Amino acid sequence: MNQKDNKKMKDKILFWFGVDFTDFCMSYYLKDMHNSDFYAIVDITNKPKKFFQEQKLVPFKKTWYFHDHINSKKKADLEYLSTFEKKYNIDLWKLAINERLFYRFFDFHKFTRDEILSIDEDACRLFESVLDEVKPDYIITKEPVLHHLEIFYELCRARGIKVLMLSIPKIGFRCMISDQSQRISNSIKLDGSQSKNRSLEELKLFLDTHSPYKQIKNFDIRKKFLNEMKILNNFNHMDSDNNYTNFGRTKFKVFVHSLKSLLKEKYRRSFMDKNLVKSIDFDSKFVYFPLGVDSGKEILISAPFFTNQIEVIRHIAKSLPIGYVLYVKEHPSSVIDDWRNISEYREIMNIPNVKLLHPYVNSQKLFENCQLVITISGSAGLEAAFYEKNAIVFSKQDYEILPSVFPIESISELPNLIKKAI
C-alpha cells in the first residue's frame, strides 16, 4: 500500500468541461465508481453556465469558470509570460498565432497583440493558481481545439500530472483514452508484438468498415440541414459576456455572416464540380497528398509550422523525381469552413505538375495506385500501410513506428526522402 492508501486520502480529479457535455457525463458516471474529490474548470458561455451553477448531479468541491478570469483590456505582464514560457517550455506565440480565433479564421473581431497577450497572461495565471490549489492527481479533458486548452494541457504535462484525454484516433467510429491527443500512452514496439494472422484482405476490410472518410461523409450528408439551422443556432447562443470567442458578434453580423456562409459554400462547390479533376490516369506514376482542414487542430496544433498547405504542396512538387505527378485532394471536411477560397484552388491548380482532385474522388483507388503518400498530420499515412504503400509525414504520429512511414525532420531533406520512400 502506498502512502495515500495508508492515510486514506482521496484522489483529486480535475475536469475540463466545454460545450460538449460528454466529459460532464463521464464525471457523473465516475462519481459512483471512485471515491474521489472532483473539481472542474468550465469553458462555456453564459447560458449553459447556469446549468453548472445549479446542477446537483455531481458534487464538485470547487468550480472555476474560465472566461470569468479573462480580461483582454489590461496591459500584459511580459516578464510573467516570459518566465512562464521558460519554466514550462511552452511556446506561447506558436500557440497564439495558430489560434483560429486570433488569426485567419475569425471574421467578427481582429485581435490586437495586446489583447492576445493579456488573454494568455490571465489564462496562464488561472491555470497555475488552480493547479497550486487543487494539486490534482488526474486531469480528465477533451482534445485541445482552442489554444488555451492546449496551454493547460502542456502545463499539466510539464508538472507531471496524469492526463486522461478522450480523443478520436485515426480509425473511424472509435474513441480512445490517452495522455496525448490521438496517441497511445504507452510506447509500442513491433518486435515481440503478437500477430492475429489476419490476411491483407481482412485488414483492408477492417479499414473499410472503420474508415474515417465514411464518418466524414455521414457528417456531410447532414450538412445541408446543419447549414439551414446555423442562423437559428447562432441566435440561440449569442451572449453579452466577456467570452472572447464572442468578441464582435452582434445578431445582425451573425445573421449576415450565416447568409454569406451559405452562399460561399454553394458557389465554391459549384467551382469544384466544374474545375477539379474527377478522373485519374492510373497508368501514370503519381504521389498522393490529401489536404487537411486549414482551421482544424490536425494542422494548427499538431503541425504548427506547416499551416500553409499551398507552400507545402510547392515544396513537394519541387522535390518529385522526373516522371511523377502530384495529385492533391481536397479534404471532404473542408465543407465545415465552406471550402477554400477559389483563389486558393486556382493557385494550387497553377502549380506545374500538380493536379487538384475533387474531394469525393475515391480515396481507395488513390491508395491502391499511387507510388507514395505524403500527409501533414492525417490518417492517410496509416491507411497507406494497408495498401502496402510508403508514406511521408510532417508531424509526430503514433503510426510512425511502422517501417513504411518516413517522418520528415527538415524540409530540405524532402527530395532525398521522397526518392528513398518511392
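Helix α13 (residues 309–319) packs against helix α17 (residues 414–421) at an angle of about 65 degrees, their axes lying 8 Å apart; helices here are DSSP runs of H or I of at least four residues, and strands are E runs of at least two. Axes are lines fitted to C-alpha atoms over the stretch in contact, with angles from 0 to 180 degrees between N-to-C directions. H315, I316 and S319 of α13 meet L414, P415 and I418 of α17, contact meaning heavy atoms within 4.5 Å. By class, this contact has four nonpolar, two polar and no charged residues, with Pro counted as nonpolar and residues other than the nonpolar and charged sets as polar.

The model is predicted, and local features need pLDDT of at least 70, side-chain atom pairs 80 or more, while totals for chains, interfaces and linings use all residues. Numbering runs from 1 along each chain, and side-chain values use heavy atoms, without hydrogens and water.

Turning to the interior, the largest nonpolar core has 45 residues, of which F66, F84, F127, F152 and Y244 touch the most other members. Such a core joins buried Ala, Val, Leu, Ile, Met, Phe, Trp, Tyr and Cys residues through side-chain atoms within 4.5 Å. Helix α6 gives the largest share, ten residues. Another core, of 36 residues, lies apart from it and includes L414 and I418.

The structure also holds 33 aromatic pairs, defined by ring centres within 6.5 Å (planes under 30 degrees apart are stacked, over 60 edge-to-face, the rest tilted). F21 and F24 are edge-to-face because their centres lie 6.2 Å apart and their planes at 70 degrees. F24 is buried at 5% relative accessible area, whereas F21, at 29%, is partly exposed (buried is under 20%, exposed over 50%, partly exposed in between, with a 1.4 Å probe and protein chains only).

Key: Rings of Phe, Tyr and Trp (its six-membered ring) pair if their centres lie within 6.5 Å; planes under 30 degrees apart count as stacked, over 60 as edge-to-face and the rest as tilted.
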